[in-house]
Amino acid sequence: DDEDDDDDDASEEQKTASNMANAHGQLLQNSTSMAVVEDELLTDMDYDDEEQETTKWKKKKKHQTVDYSVGKRLDVLDASYHWYSAKIVDIDVFAQKAFLIKYDGFDERWNEWIPFAQQYRTALHTTKSLGHGKTEGGVHCLMATAYGTSRAGRALRDAFDASSSTELMDVDVLMSGWLWKKGNWNKNWKKRWCVLRNDGNLYYYAHDQVALAQFKGFVALGNIRKICAVQSNQARFTFDIETPSRTFNFAGFTDAEVTDWLSVIECLMSNSLDSIVPTTYDRDGDRESSVSMSMNGGGARRVSQIKAANGGGGGADVAVVGRHKRGNSVIDRLLNKANT
C-alpha cells in the first residue's frame with residue numbers, strides 16, 4: 001500500500017510538474033507573442049515617425065519652392081545678369097507660356113515676360129537679390145552664388161568692391177563646387193569638383209585639392225552652343241552643356257546650385273570679364289539706360305544704350321560699355337549672409 005501511495009504521490013507530482021511545465025511553456029509562448037506584437041508596434045511607430053518626418057520635410061521643401069502665382073514675390077535675373085527683387089503681375093499659360101514680372105522700384109514699361117522654360121532665372125525672394133530693387137541696383141550673378149558669398153570667394157568680392165584695387169580679370173577662380181557628371185562612354189554619374197576659371201574654361205577634377213594641371217577634362221565656354229536645365233530619370237537637378245563635339249551632362253545637389261551654374265556660365269558666355277558692368281543703371285528718369293540682348297549664333301552681345309538728357313530730342317544714342325564698381329553696401333550684406 002505504501003508503495004501504491006508512493007506511486008500515486010509520484011504520479012500526482014508528475015502531473016503537477018507537467019502542468020507547471022505546460023503553464024510555463026504557455027507563459028513563454030505568450031511572452032514571445034507579446035514581444036513580437038510589441039516589436040510590430042514599435043516598427044509601426046517608427047514608420048509613423050519616419051512618415052511624419054518625411055511629411056514635414058516635404059512640407060518644408062514645398063514651402064521653400066518658388067510660388068509662381070500672381071502677386072507673389074521672387075528674385076529674377078535680368079538681361080544684365082543682375083538679380084532683382086520682383087513681383088509676378090500676370091501669367092499666360094497658353095500664348096506666352098510665361099509669367100510677367102515687375103521689378104521693384106521700376107515702372108511698368110520695364111516689366112518682363114519670363115518663359116516657363118527659363119525658371120532658372122528665378123529664385124526664392126531675397127535669396128539672390130537680398131531684396132535689392134532699383135535703388136540698390138541689384139546683385140550681380142557672380143556675387144549671388146554660394147561660392148561668391150563664401151570665404152573662398154573673397155577675391156571675387158574684392159573685384160566688385162570700389163575700395164579695392166583687385167580687378168575681375170585678376171581673379172583666378174570665378175566659381176567652384178561639387179557637381180555630378182555623367183560619363184561620355186560608360187554613362188556612370190561621378191562626383192566631380194568643378195572650377196570656372198578666368199581663362200574662360202570650366203575644369204572638372206576628381207577631388208577638390210587640385211592643381212590646374214590635374215583636371216580630368218574641361219569645357220571651353222567659347223565653344224558652348226546651348227546650356228539648359230533638363231529633366232532626367234537618372235538624376236535630379238540636371239543641366240546640359242552642348243558643344244559642337246559633345247553634350248556634357250551635369251547635375252547639382254540642389255535646384256539653387258543649378259541656378260548658380262546656369263546663370264554664371266551664361267553670363268560669361270555672353271560677356272568678357274573686362275566688359276562685365278556691376279553697376280547700378282537707371283532704367284527711367286531724365287537719363288535712361290536700357291540693356292538689350294542681341295543673339296548671334298550661340299552667344300549674346302551685351303549693349304548698353306544711354307540716351308541724351310533732353311528726352312531724346314536732338315540727341316544721339318551712344319552704345320557704351322562702362323566700368324563702374326558697386327559700393328560696399330552689397331559686399332557687407334553678402335558677408336553678413338555668409339556668416340549666418
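Me: R121, buried or exposed?
Reply: In this predicted model, R121 counts as buried, since its relative accessibility is 10% and the cut-off for buried is under 20%.

Me: And which residue does R121 form a salt bridge with?
Reply: The partner of R121 is E112, and the closest N and O atoms of that salt bridge are 2.8 Å apart. E112 itself counts as partly exposed, at 22% relative accessibility, whereas R121 is buried.

Me: Why would side chains like that pair?
Reply: Side chains that carry opposite charge can pair when their charged atoms come close.

Me: How many salt bridges does the count come to?
Reply: The count comes to six salt bridges, and the pair of R121 with E112 is one of the salt bridges found.

Me: What about R109, which residue is on the other side?
Reply: R109 forms a salt bridge with D107, where the closest N and O atoms are 3.1 Å apart. R109 counts as partly exposed at 48% relative accessibility, and D107 also counts as partly exposed, at 29%.

Me: And K72, how far apart are the closest N and O atoms there?
Reply: They are 4.0 Å apart in the salt bridge that K72 forms with D67. As for exposure, K72 is partly exposed with a relative accessible area of 37%, and D67 counts as partly exposed at 36%.

Me: Switching topic, what pLDDT does the protein average?
Reply: The average pLDDT is 73, and 62% of the residues score at least 70.

Me: Where is pLDDT under 50?
Reply: One such stretch is residues 1–10, for which the model has zero contacts beyond four places in sequence. Another is residues 30–63, where the pLDDT is below 50 and the model again shows zero contacts beyond near neighbours in sequence.

Me: How should I treat coordinates where pLDDT is low?
Reply: Where pLDDT is low, the predicted coordinates should not be read in detail.

Me: OK, pockets. What volume does the largest pocket have?
Reply: The largest pocket has a volume of about 1,100 Å³. Its lining is made of 35 residues, and those nearest the centre of the pocket are F237, T254, D255, A256 and T259.

Me: Which element gives the largest share of that lining?
Reply: That is α4, which contributes six residues to the lining of the largest pocket. At least two lining residues each come from α1 (2–63), β5 (122–123), β11 (226–230) and α4. A point of care is that α1 spans 2–63, while pLDDT is below 50 over residues 30–63 and under 50 over residues 1–10.

Me: You mentioned β11; what does V230 touch?
Reply: V230, which lies in strand β11, touches T238, F239 and D240 when residues up to four places away in sequence are not counted. V230 is partly exposed, with a relative accessible area of 25%.

Me: How far apart in space are V230 and F250?
Reply: From C-alpha to C-alpha they are 9.8 Å apart, with a separation of 20 residues in sequence.

Me: After α4, where does S275 sit?
Reply: S275 is in the loop between α4 (255–270) and β14 (289–296), and this serine is buried, with a relative accessible area of 15%. A polar atom of the S275 side chain lies 2.9 Å from the backbone oxygen of S272.

Me: What's the phi of K97?
Reply: The phi of K97 is positive, about 50°, although K97 is not a glycine. K97 is found in the loop between β2 (82–92) and β3 (98–103) and is exposed, with a relative accessible area of 52%.

Me: And K187, which loop is that in?
Reply: K187 is in the loop between β7 (173–182) and β8 (189–197), and its phi is near 65°, again a positive value in a residue other than glycine. At 44% relative accessibility, K187 counts as partly exposed.

Me: Last one, how many helices and strands, and what share of the residues is buried?
Reply: The secondary structure comes to five helices and 16 strands, and buried residues make up 36% of the 340 residues in the protein. Among contacts between residues at least 6 apart in sequence, 48% join residues at least 24 apart.

Technical notes. Residues are numbered from 1 along each chain as its sequence is written. This is a predicted model: local features need pLDDT of at least 70, side-chain atom pairs count only at pLDDT 80 or more; totals for chains, interfaces and linings use all residues. Side-chain values use heavy atoms; hydrogens and water are left out. Helices (H or I, at least four residues) and strands (E, at least two) are DSSP runs, numbered from the N terminus. Buried means under 20% relative accessible area, exposed over 50%, partly exposed in between (1.4 Å probe, protein chains only). A polar contact is a pair of N or O atoms within 3.5 Å; within protein, one must be able to donate a hydrogen and the other to accept it, and residues adjacent in sequence count only if both atoms are side-chain atoms. A salt bridge is a side-chain nitrogen of Lys or Arg within 4 Å of a carboxyl oxygen of Asp or Glu. pLDDT is the predictor's confidence in each residue, from 0 to 100. Contact means heavy atoms within 4.5 Å. On a 1 Å grid over the protein atoms alone, a cavity is a set of points where a 1.4 Å probe fits but cannot get out, and a pocket is an open set with protein on both sides within 12 Å along at least five of seven lines; lining residues have an atom within 4 Å of a point. Grid points are joined across faces, edges and corners, and a volume is the space filled by probe spheres set on the points.
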